[in-house]
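Me: Hello! I am new to this structure and would like a close look at its charged side-chain pairs.

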Amino acid sequence: MTFVVEDQHHRRTRGRIYVYPRTGLNLPAEIKIKILWNPPGTRREAEDIKGKIGRVLGYRLKLELSEHKTLITHGRTEPARFLGYEIVVHNNDAKRDRNGHRSINGQIGLKVPMDVARAKRKPYMRRGKPAPILARAHDSDFQIVARYQAEFRGLAEYYQLAYNRHRLGTLRWIMERSLTKTLGHKNKISVNKVWNRYRATWQTPAGPRRGLQVTVERGNGKKPLVARWGGVSLARRTTKVVLKDDLPAIWRKRPAELIDRLMAGRCELCQSRSDVEAHHVRRLKDLLPGSRDEQPGWAKQMASRRRKTLIVCRDCHDGIHNGQSTRQASRNTALESRVR
């Protein structure tokens with residue numbers, strides 16, 4: 001938990017306390033709490049609030065604040081870390097609006113920490129210069145380009161609220177050089193030939209962008225697979241967007257067949273309705289015709305359905321393991337599956 005305090009007497013503006021919690025609680029099982037709080041007040045009030053929070057956590061939750069992580073920081077002179085961002089309080093009298101009034105003093109700003117940007121460059125550099133990643137040379141060109149793009153896009157999109165997002169431009173250049181050198185090492189060609197082979201231009205919401213594009217044709221009327229490097233804008237996003245926390249829809253809209261078979265509650269051998277169990281075999285080829293002289297009925301049924309599982313009742317399951325003949329259905333009824 002980090003307390004960021006704005007000077008109370010600076011430019012005759014009322015003081016504020018910006019509370020940006022850090023991982024400052026010693027919770028069991030590596031559980032951490034992060035809260036964002038912005039009450040008005042002074043540094044002394046921030047210390048009182050910090051003490052009250054510590055007493056409440058200790059009395060009600062039996063937790064203890066970490067003193068070396070629970071800090072009080074002056075927001076105008078030192079940034080506070082919160083969820084990977086640097087949070088600062090702006091102070092610049094030269095920034096004025098159309099009416100000549102100071103416009104950014106006391107406003108909160110989010111920044112990309114430069115130590116994070118430098119740390120992200122290291123995997124793509126060797127001896128201070130961009131270098132190929134030889135471990136990726138065994139992948140296809142499509143996989144190499146897609147992986148580089150995913151890594152940079154993930155970082156750039158995470159810091160889209162930072163006003164100095166453009167500082168990631170150096171990282172983009174280093175990753176681009178590393179990508180072309182990796183492709184050149186794999187295909188035994190120069191960097192210029194890599195660009196001549198994969199250079200492409202495509203349309204983006206911010207306009208046309210140029211980069212690298214690898215296309216894999218699949219035939220049979222299917223759309224080709226396309227992997228691109230570039231087209232990720234580093235401009236600060238100032239427009240409001242709708243936050244969607246819903247998980248992406250998966251292609252399988254129905255539950256697994258095995259779950260449906262278990263929920264049906266019907267033995268697939270004797271068709272009795274009781275508590276059922278699942279019988280498993282290790283290899284399906286052991287059940288195929290001709291692998292044994294005489295296959296029991298349950299093995300023939302599993303082989304015909306090409307399933308390594310069989311839903312049976314307790315009596316039939318015991319009969320399978322004891323080598324006894326199991327009860328078969330007297331009539332030709334459908335199996336338990338509810339899948340249509």
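Which residue forms a salt bridge with Arg165, and how far apart are the closest N and O atoms?

Reply: Happy to help! This is a predicted model, in which local features need pLDDT of at least 70, side-chain atom pairs count only at pLDDT 80 or more, and totals for chains, interfaces and linings use all residues. Residues are numbered from 1 along each chain as its sequence is written, and side-chain values use heavy atoms, with hydrogens and water left out.

The partner of Arg165 is Glu157, and their closest N and O atoms lie 3.8 Å apart. That makes a salt bridge (a side-chain nitrogen of Lys or Arg within 4 Å of a carboxyl oxygen of Asp or Glu). Arg165 is buried at 4% relative accessibility, while Glu157 is partly exposed at 29%. Here buried means under 20% relative accessible area, exposed means over 50%, and partly exposed lies in between, using a 1.4 Å probe and protein chains only.

The structure holds eight salt bridges, so let us visit others too. Glu268 and Arg305 meet through their side chains at 3.0 Å, N to O. This pair links distant parts of the chain, 37 residues apart: Glu268 is in the loop between α6 and β12 (276–280), and Arg305 is in helix α7 (residues 297–305). Helices (H or I, at least four residues) and strands (E, at least two) are DSSP runs, numbered from the N terminus. Glu268 is buried, with a relative accessible area of 2%.

Elsewhere, Arg81, Glu86 and Asp115 are joined into one network by salt bridges that share partners. Within this network, Arg81 and Glu86 form a salt bridge whose closest N and O atoms are 3.8 Å apart. Arg81 is partly exposed, at 29% relative accessible area, whereas Glu86 is buried, at 14%.

Now for the strands around that pair. An open sheet is formed by three strands in the order β4-β5-β6, with antiparallel pairing; strands pair if DSSP finds at least two bridges between them. At the edges stand β4 (80–82) and β6 (108–111), each with a single partner strand, so each has one side without a neighbour in the sheet. On average, neighbouring strands here are turned by 35° against each other, direction ignored. Strand β5 (residues 85–89) is joined to β6 by four bridges, and Ile87 has Leu110 in β6 as its bridge partner.

Methods. Axes are lines fitted to C-alpha atoms, for helices over the stretch in contact, and angles run from 0 to 180 degrees between N-to-C directions.
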